[in-house]
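Biologist: I am new to this structure and should like a close look at one part of it, followed by its setting in the whole. Please explain each term as it arises.

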Amino acid sequence: MDPSESTIIKNTMESMTPIECPACGHKGMKSIVSTLDLPMLGDALETTLICPKCGFRTSDVMITGQNEPVRYTFHVKGAEDVNARVVRSTSGTIRIPELGILIEPGPASESFISNIEGVLMRVMEVLQGLEFGEGEAAAVEGRKKEIEEAMNAGIPFTFIIEDPFGNSAILHEHAKKEVLSQDEAAKLKTGELILPLK
Ligand SMILES: [Zn+2]
């Protein structure tokens, strides 16, 4: 958890649940539920399940007062803008068209509360962890350079997050929020929800 995150946590509760671990089948996972107070959005619930046997962990976030499918769009134009806080639930899709970045929900989806710079750092980590053929290495290096430049706000870009359940958001006064139509929401991937949050 990044230190700035602690300022929005109101309360944390730990307990044991009878839920079966999806990784090893062990019955009984530790549950950590935090109530959060998000700037501009109010109450949210962050739930993490941890398997005491194999260490598998999964988490999700639910924004209490936002239930409709949403899209947030934010234009990053200066160095300050990459500090904009992002809430991404496991059902959140992130797009940065200028950098060719698409993060969609999937079996290994992670929820997180971070800032735009943190999201770009995650993308860099993924790129660093992948293995590429000789022909692709140069393209990947080029992509990494672009992302680094974007992190320093050298390239303006658009950060978009969409969520069919309204559990993702960009917490910045200049982020534009739109409610998606049912058609638009139906086109989004939802991922595999392990936690019965809604
Ligand atoms: Zn396990």
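Modeller: I begin with Lys27, which counts as exposed because it has 11 C-beta neighbours inside 10 Å. The scale behind that word takes C-beta atoms placed from the backbone: a residue is buried with 20 or more other C-beta atoms within 10 Å of its own, exposed with 12 or fewer, and partly exposed in between. The model is a predicted one, in which local features need pLDDT of at least 70 and side-chain atom pairs count only at pLDDT 80 or more, while totals for chains, interfaces and linings use all residues. Residue numbers start from 1 along each chain as its sequence is written.

Lys27 lies in strand S2, which covers residues 27–38. Strands here are DSSP runs of E with at least two residues, helices are runs of H or I with at least four, and both are numbered from the N terminus. Setting aside residues up to four places away in sequence, Lys27 touches Pro18 and Glu20; two residues are in contact if their C-beta atoms, placed from the backbone, lie within 7 Å. Lys53 is 26 residues from Lys27 along the chain, and the C-alpha atoms of the two are separated by 9.3 Å.

Lys30 also belongs to strand S2. This residue is classed as partly exposed, since 15 other C-beta atoms lie within 10 Å. Beyond its neighbours within four places in sequence, Lys30 is in contact with Glu14, Met16, Ile50 and Pro52. The residues Glu14 and Met16 fall within strand S1, which runs over residues 9–20, and Ile50 falls within strand S3, residues 42–50. By contrast, 29 Å separates the C-alpha atoms of Lys30 and Leu171, which are 141 residues apart along the chain.

Seen from strand S1, the picture can be extended through Ile19, a residue of that strand. Ile19 touches Met29 and Leu49, again without counting residues up to four places away in sequence. It is partly exposed, because 17 C-beta neighbours lie inside 10 Å. The C-alpha atoms of Ile19 and Glu149, 130 residues apart along the chain, stand 44 Å from each other.

After strand S2 comes a loop leading to strand S3, and Met40 has its place there. Met40 is not a glycine, yet its phi is positive, at about 75°. With 12 C-beta neighbours inside 10 Å, Met40 counts as exposed.

For a buried residue one may turn to Arg88, which has 26 other C-beta atoms within 10 Å. Arg88 is placed in strand S6, residues 85–88. Leaving out residues up to four places away in sequence, Arg88 touches Ile94, Ser111, Phe112, Ile161 and Ser168. Its C-alpha atom is separated by 8.5 Å from that of Asp60, 28 residues away along the chain.

The setting of these strands is a chain whose secondary structure comes to three helices and twelve strands. The radius of gyration, taken over C-alpha atoms, is 18 Å, close to the 16 Å that the globule rule gives for 198 residues, so the chain is as compact as a globular protein of that length; the rule is 2.2 Å times the number of residues to the power 0.38. Along the principal axes, the C-alpha trace spans about 50 × 40 × 40 Å. Of the 198 residues, 30% count as buried. Among contacts with a separation of 6 or more, 70% are accounted for by residues 24 or more positions apart.
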